[in-house]
Amino acid sequence: MLRFTPLLLALLWGLAMYRFSAWRTVRELEARSTELVDPKLAPVFSRLARALDLPRVKVFLYEIDPVNGLAAPDGKVYITRGFYEKFRTGQITDEEMASVIAHELGHVALGHSKRRMIDFSGQNALRTALVMIFSRFIPVIGAYIANWLTQMLAAKLSRSDEYEADAYATALLIKAGIGTGPQKSLFEKLPHLTGAHGASMPAWLLSHPKTEERIKAIEANEAKWS
């Protein structure tokens, strides 16, 4: 039993850290956000709501500069001020903005935020176990190898979530009559919008899939569902 104590402690620590992080994230978002109300975006948001059989889709504006969208642990969907300004200056369209919202709604609907609690805790326990094993046989660099392997696992799980949210968004956009064009065109614009031209790390270490792979997956789903 004693041999499993470090793993159990790591699992409990991971759960505690996740819950604290989720609580802190929600507090931060609530303090720095307001509901996004824009007459130019209202029509496409209404189309998403009708496709979901909801009275409306609520989106919140998070007052930070980076270009991003996110689904919070409490199920709310956010667009950053940086992303919204790209829309206001005409760099992205209303339908491209709707594709971002559809993607984040996918994260909420598919339970990715809740699942991350289990993933995070499991990864923490795995990291502890691997550190113990590798450090025993490779004293100096064992911990680095363990962290590297755990990072690879975390990236793979994150990429899986992104593909699932993309597929949800594709289905929703088709049902809403918007189609996948805006979804694909936004992905092509994202490297320029975010300033991330090219990837310095290999794809299997990135938390998001490569743009061309995401577009291929969207087109494959579109062909299958059409």
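Helices and strands are DSSP runs, with at least four residues for a helix and at least two for a strand, and they are numbered from the N terminus. By that convention, Lys76 belongs to the loop between β3 and β4. The model described here is predicted. The chain has eight helices and four strands, and buried residues make up 38% of its 226 residues. This briefing covers the overall fold, the nonpolar cores, two helix pairs and several individual residues.

**Overall architecture**

- From the N terminus on, the elements follow the order α-β-α-β-β-β-α-α-α-α-α-α.
- Among the contacts in the chain with a separation of 6 or more, 69% are between residues 24 or more positions apart.

**Nonpolar cores**

- The largest nonpolar core has 30 residues, and the members that touch the most others are Leu41, Phe45, Leu48, Ile79, Phe83, Met97 and Ile101.
- At least two residues of this core come from each of α2 (42-51), β2, β4, α3, α4, α6 and α7.
- The greatest contribution to this core is that of α4, which supplies six residues.
- Ile79, one of the core members named above, has contacts beyond its neighbours within four places in sequence with Val59, Phe60, Leu61, Tyr62, Asn68, Gly69, Tyr84, Met97, Val100 and Ile101.
- Another core, of five residues, lies apart from the largest one and includes Leu29, Phe60, Ala72 and Tyr78.

**Helix α3 and its packing against α4**

- Helix α3 spans residues 81-88 and helix α4 spans residues 94-109; their axes are 9 Å apart, and the two helices pack at an angle of about 155 degrees.
- Angles over 145 degrees count as roughly antiparallel, and α3 and α4 are therefore roughly antiparallel to each other.
- The α3 and α4 helices cross in a right-handed sense.
- On the α3 side the contact involves Phe83, Tyr84 and Phe87, and on the α4 side Asp94, Met97 and Val100.
- By class, this contact of α3 with α4 comprises five nonpolar residues, one charged residue and no polar residues.
- Within α3, the buried residues are Gly82, Phe83, Tyr84 and Phe87.
- These buried residues of α3 pack against β2 (59-62), β3 (69-71), β4 (77-80), α4 and α7 (181-194).
- Gly90, just after α3, has a positive phi of about 85 degrees.

**Helix α2 against α4**

- The axes of α2 and α4 come within 9 Å of each other and cross at roughly 40 degrees.
- That angle makes α2 oblique to α4.
- The crossing of α2 past α4 is right-handed.
- From α2, Val44, Phe45, Arg47 and Leu48 meet Asp94, Glu95, Met97, Ala98, Ile101 and Ala102 from α4.
- The contact of α2 with α4 has seven nonpolar and three charged residues, with no polar ones.
- Asp94 and Met97 of α4 appear in the contact with α3 and also in the contact with α2.

**Individual residues**

- Asp166 is part of helix α6 (residues 142-175). Its relative accessibility is 3%, so Asp166 counts as buried.
- Beyond its neighbours within four places in sequence, Asp166 is in contact with His103, Gln183, Phe187 and Arg214.
- Asp53 is located in the loop between α2 and β2. With a relative accessible area of 69%, Asp53 is exposed, because the threshold for that class is over 50%.
- Most residues other than glycine have a negative phi. Asp53, although not a glycine, has a positive phi of about 60 degrees.
- Lys76, in the loop between β3 and β4, has a relative accessibility of 30% and therefore counts as partly exposed.
- Lys76 and Val26 are 50 residues apart in sequence, and their C-alpha atoms are 9.3 Å apart in space.
- With neighbours within four places in sequence left aside, Lys76 is in contact with Glu30, Phe60, Leu70 and Ala71.
- Phe60 is thus a contact of Lys76, a contact of Ile79 and a member of the five-residue core.

Note on methods: Residues numbered from 1 in each chain as written. Predicted model: local features only at pLDDT ≥ 70, side-chain atom pairs only at ≥ 80, totals over all residues. Heavy atoms only, no water. Axes fitted to C-alpha atoms, helices over the stretch in contact; angles between N-to-C directions. Parallel < 35°, antiparallel > 145°, perpendicular 65-115°, else oblique. Left-handed = near helix turned anticlockwise from the far one by under 90°. Contact = heavy atoms within 4.5 Å. Nonpolar A, V, L, I, M, F, W, Y, C, P; charged D, E, K, R; others polar. Buried < 20%, exposed > 50% of the residue type's maximum accessible area, 1.4 Å probe, protein only. Core = buried A, V, L, I, M, F, W, Y, C linked by side-chain atoms within 4.5 Å.
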